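Please find below a colleague's note on this structure, set out as numbered points for a reader who has not met it before.

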Amino acid sequence: MSDTISGDARALALPNLLRGAIESARDEADELGRLPGHLIAELRDAGAFSLFTPAEYGGLEVSLTTALTVYERLGRIDTSVA
């Protein structure tokens with residue numbers, strides 16, 4: 001996504017962006033008892049683990065309210081991802 005898009009907008013887009021990957025990994029995660037490595041990599045590459053990281057370090061630097069909204073939306077797709 002472009003740098004001109006705010007961290008909040010990028011973060012709020014994550015659940016829709018990652019929905020397909022999360023849903024396709026659901027059965028594998030159930031079998032493994034944990035999230036599969038390829039899903040963790042996709043979450044990391046999309047920025048899901050850098051919600052609170054300052055923008056100057058490559059993070060999204062979102063507010064607590066935005067982060068909780070993202071977690072809630074991810075949880076509606078699959079609770080173990082949230």
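**Notes on helices, salt bridges and surface**

1. R19 counts as partly exposed, because its relative accessibility is 36%. The coordinates under discussion belong to a predicted model, and R19 is a convenient place to begin, since a kink of about 50 degrees in helix α1 is centred on this residue.

2. The side chain of R19 also takes part in a salt bridge with E23, in which the closest N and O atoms are 3.4 Å apart. Both residues belong to helix α1, where they are 4 residues apart, or about one turn of the helix. E23 has a relative accessible area of 37% and is therefore partly exposed.

3. How far apart are the end C-alpha atoms of helix α1, which has 26 residues? The helix covers residues 7-32, and its end C-alpha atoms are only 33 Å apart, whereas a straight helix would reach 38 Å at 1.5 Å a residue. The reader may wish to consider this span together with the kink centred on R19. Just after α1, G33 takes a positive phi of about 80 degrees.

4. Which residues of α1 are buried? They are G7, A11, L14, P15, L18, A21, I22, A25 and A29, and the buried residues of this helix pack against α2, which covers residues 37-46, and against α3.

5. A view from α2 is given by L39, which is found in that helix and which is buried, because its relative accessible area is 1%, where the cut-off for burial is under 20%. Once its neighbours within four places in sequence are left aside, L39 is in contact with A21, I22, A25 and V81. For one of these partners, A25, the C-alpha to C-alpha distance to L39 is 6.9 Å, although the two residues are 14 residues apart in sequence.

6. The count of salt bridges comes to 3, and one of them joins the side chains of D78 and R26, with an N to O distance of 3.3 Å. This pair links distant parts of the chain, since D78 is in the segment after α3 and R26 is in helix α1, 52 residues apart. Is D78 buried or exposed? D78 is buried, because its relative accessible area is 12%, while R26 counts as partly exposed because its relative accessibility is 29%.

7. Another salt bridge is formed where the side chains of E72 and R76 meet, at 2.7 Å from N to O. E72 and R76 are 4 residues apart in helix α3, so about one helical turn separates them. E72 counts as partly exposed because its relative accessibility is 43%, whereas R76, with a relative accessible area of 65%, is therefore exposed.

8. Which residues form a nonpolar patch on the surface? The patch is made of F52, L64 and L68, which together have about 320 Å² of accessible area. L68 has its place in helix α3, which covers residues 64-77, and this residue counts as partly exposed because its relative accessibility is 48%.

Terms used. Residues numbered from 1 in each chain as written. Predicted model: local features only at pLDDT ≥ 70, side-chain atom pairs only at ≥ 80, totals over all residues. Heavy atoms only, no water. Patch = residues over 30% accessible without salt bridge, like charges linked within 9 Å, V, L, I, M, F, W, Y side chains within 5 Å. Areas by Shrake-Rupley, 256 points an atom, 1.4 Å probe, with all protein chains shown as cover. Salt bridge = Lys/Arg side-chain N within 4 Å of Asp/Glu carboxyl O. Helix = DSSP H or I, 4+ residues; strand = E, 2+ residues; numbered from the N terminus. Buried < 20%, exposed > 50% of the residue type's maximum accessible area, 1.4 Å probe, protein only. Expected span 1.5 Å × (residues − 1). Bend = angle between axes of the 7 residues up to and from the residue. Contact = heavy atoms within 4.5 Å.
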